[in-house]
Amino acid sequence: MGKQVFIAEKPSVAREFAKALKYNMKSRDGYMESEEAIVTWCVGHLVTMSYPEAYDEKWKRWTIEPLPFIPKEFKYEVIDSVKKQFQIVSGILNRPDVDVIYVCTDSGREGEYIYRLVEMQAHVTGKERRRVWIDSQTEEEILRGIREAKDLSAYDNLCSSAYLRAKEDYLMGINFSRVLTLKYGYNVKNFLNQDRVVISVGRVMTCVLGMVVDREREIRNFVKTPFYRVLASLQIGDKAVDAEWRAVKGSAYFESPLLYKENGFKKQEDAQKLIDTLSQPQPLQFQVVKAEKKKETKNPPLLFNLAELQNECSKLFKISPDQTLQIVQELYEKKLTTYPRTDARVLSTAVSKEITKNIGGLASYPGVGPYVKYILEKKTYQNLAKTKYVNDKQITDHYAIIPTGQGLAALSSLHATSAKVYEVIVRRFLSIFCPPAVYQKIALCVQRGNEHFFANFKVLSSAGYLELMQYSFGKKTEEAEKAKEKEQEEETDTACDENLLNILSSLKKNDIIDGNGFSIKEGETSPPKRYNSGSMILAMENAGQLIEDEELRAQIKGSGIGTSATRAEILKKLVNNKYLALNKKTQIITPTLLGESIYEVVNCSIRSLLDPKLTASWEKGLTQVADGVISQDEYLEKLEGFIVRRTEYVKQTNQRSMLEHRFREAAKYYPAVKNKKS
């Protein structure tokens, strides 16, 4: 019987596999070996796509005439810096005493691609290949993955999708970057007074640039509209509370052109006229129309996928998505959490049946022991499979990021921020086994004449899971922050205590309430917010839509822009290229003048690259290839047609004069940037 080979993506992962196998492994140069098996690794990518000059020397020089560049067969080569490891891996895979290869690269499209390139370049034939697909690096999960490994051919569609993604990025990048640089690079270089400009274009990267520039221009063009709200001060018990006037049906101002909205006037003098009318006769009294009491429950949010975690860490710790990914990758490699590059925010049915292992392992984790004890004693995990937190249909490659309940000894070696990120994951996970938060609410409506005033009161009667969400590092929960923001926006909402709630609860229709007077509250419309690094990741996940409400996000979720594995890197590249600026303290993202100039070049030549919906449709197509819905050839034909048409259009048109005008318009907003035309 021949030997088994286990090939991982990184040396650290390979060591975990070697430990789990419990063979008498001896370390060699680039691998480990025992009598039964060999464990080796890649170190990320060992093989890459060849540059165009590998096909023909003429492509070494950038010229516009021969474009587009679309090879009939793609060439690949070993990356120079890792040639030694490739030779080691290639030799092992082709050894005559090896009969089974276990592919243990990361369980996703990119991990699949890394191995398949190596196998192709090493010309491996005649071996049985099995795919190990795991969700964490715990020993039991590694052994389960090996035990249940499927034949590698079961992942051929995923492999096709991976190859296509690489070909797509390669062809778009080479053709569009070259044709736009050759056509308009001089204009950008000349305008910005730079020595050299390469217009770097990418399927996802350019779309993200467009989202940031479009948002910045929305903010610039936004015109603030003032409005004036009328508030009545009501005396309820020993407290004065405000109620807001609204022009409902029956009001003298119902659907009046004097209103900005139903609760605000366009002019202050019209608001004052209403107050003058309502101030007489005295005494100032209001009649209760309704005082509705109701209970509101708030359930724990869904679990973290990578995008949600990146957004949360951007808010809590002001770290970039790339930093969050590095941290959660470290937590995964230390066996503390499950696989990080996931789009799912739910668990699988299979995992839900064994979830007590994850819960029980956290009993000794500081700050959550009492909650773990409560969950296990009350067995609140028993019906987990019937809740919104478990849904097999919403899982593609991996379920949500959760703690494994193992590896806690590694906590002492973590950086402070990494430890905090782990705590965020732990508390979010445990919260789904806790009861909901319960609020008592009263909606009050009072009337004076034909005019109505409204006030909402809310008190937290049972904290439920919110009690668990008090972080040890003193940051308020996302829910608390959102609640505070909402209260600031809806200023008729009144903080309430039990005493006031009891008085309000006793009010009946037609009761009379004394008033203390009226006031005018001036407000103004607000421009849209700039993206921060976290909200940008969320917007990318939702095809360009920044949707704050998590329930709505879950409902409309489809193919986004990029993938959970690539979004952070794309954002980082845009910043490194100086197309975008990232404020490290606030994580706010803004365009640079160079970025806006690139945007204008793309906007007048290949505008569809700026469309998030179109970019998302390409990503959806890759998913359909992975799912076997469409073939690799169908997708490639569509891709090549798009590249040919757009490249030819750029070659045949001239937008230089229009671009000069647009560059000057953009430059007005960058007075600190010196350029020849400013």
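A salt bridge is a side-chain nitrogen of Lys or Arg within 4 Å of a carboxyl oxygen of Asp or Glu. In this predicted model, the side chains of Arg 203 and Glu 619 meet in such a bridge, at 3.1 Å from N to O. Arg 203 lies in the loop between helix 5 and helix 6, while Glu 619 lies in helix 20 (residues 612-626), so the pair ties together parts that are 416 residues apart in sequence. Arg 203 is buried, with a relative accessible area of 4%. Glu 619 is also buried, and its relative accessible area is 4%. Both residues belong to a network of salt bridges that links Arg 109, Glu 110, Arg 165, Glu 168, Asp 169, Arg 203 and Glu 619.

The structure holds 42 salt bridges. Among them are the three in this table.

| Salt bridge | N to O distance | Relative accessible area |
|---|---|---|
| Lys 3 and Glu 33 | 2.4 Å | Lys 3 14%, Glu 33 12% |
| Lys 83 and Asp 80 | 3.2 Å | Lys 83 43%, Asp 80 61% |
| Arg 203 and Glu 619 | 3.1 Å | Arg 203 4%, Glu 619 4% |

Lys 83 counts as partly exposed, and its partner Asp 80 counts as exposed. In the pair of Lys 3 and Glu 33, Lys 3 counts as buried, and Glu 33 is buried too. Lys 3 lies in strand 1 and Glu 33 in strand 3, so this pair ties together parts that are 30 residues apart in sequence.

Strands 1 and 3 belong to an open sheet of 7 strands, in the order 2-3-4-1-7-8-9 and with mixed pairing. The edge strands are strand 2 (26-28) and strand 9 (150-151), each of which pairs on one side only. Strand 1 (residues 3-8) and strand 4 (residues 37-41) run parallel and are joined by 5 bridges. Val 5 stands opposite Ile 38 in strand 4.

Two helices can be placed against these strands. Helix 1 (residues 11-21) lies across strand 1, strand 3 (31-33), strand 4 and strand 7 (98-104), and runs at about 160° to strand 4. Helix 3 (residues 109-122) packs on the sheet and touches strand 1, strand 7 and strand 8 (128-131). The direction of helix 3 makes about 165° with that of strand 8.

The surface has a nonpolar patch formed by Trp 62, Leu 182 and Val 198, with about 220 Å² of accessible area together. Val 198 is placed in the loop between helix 5 (156-192) and helix 6 (205-221). Val 198 is partly exposed, at a relative accessible area of 31%.

Notes:
Residues are numbered from 1 along each chain as its sequence is written. This is a predicted model: local features need pLDDT of at least 70, side-chain atom pairs count only at pLDDT 80 or more; totals for chains, interfaces and linings use all residues. Side-chain values use heavy atoms; hydrogens and water are left out. Two strands pair if DSSP finds at least two bridges between them. Helices (H or I, at least four residues) and strands (E, at least two) are DSSP runs, numbered from the N terminus. Contact means heavy atoms within 4.5 Å. Axes are lines fitted to C-alpha atoms, for helices over the stretch in contact, and angles run from 0 to 180 degrees between N-to-C directions. Patches are made of residues with over 30% relative accessible area and no salt bridge: like charges are joined within 9 Å, nonpolar side chains (Val, Leu, Ile, Met, Phe, Trp, Tyr) within 5 Å. Accessible areas come from the Shrake-Rupley method with a 1.4 Å probe; for residues, only the protein chains shown count as cover. Buried means under 20% relative accessible area, exposed over 50%, partly exposed in between (1.4 Å probe, protein chains only).
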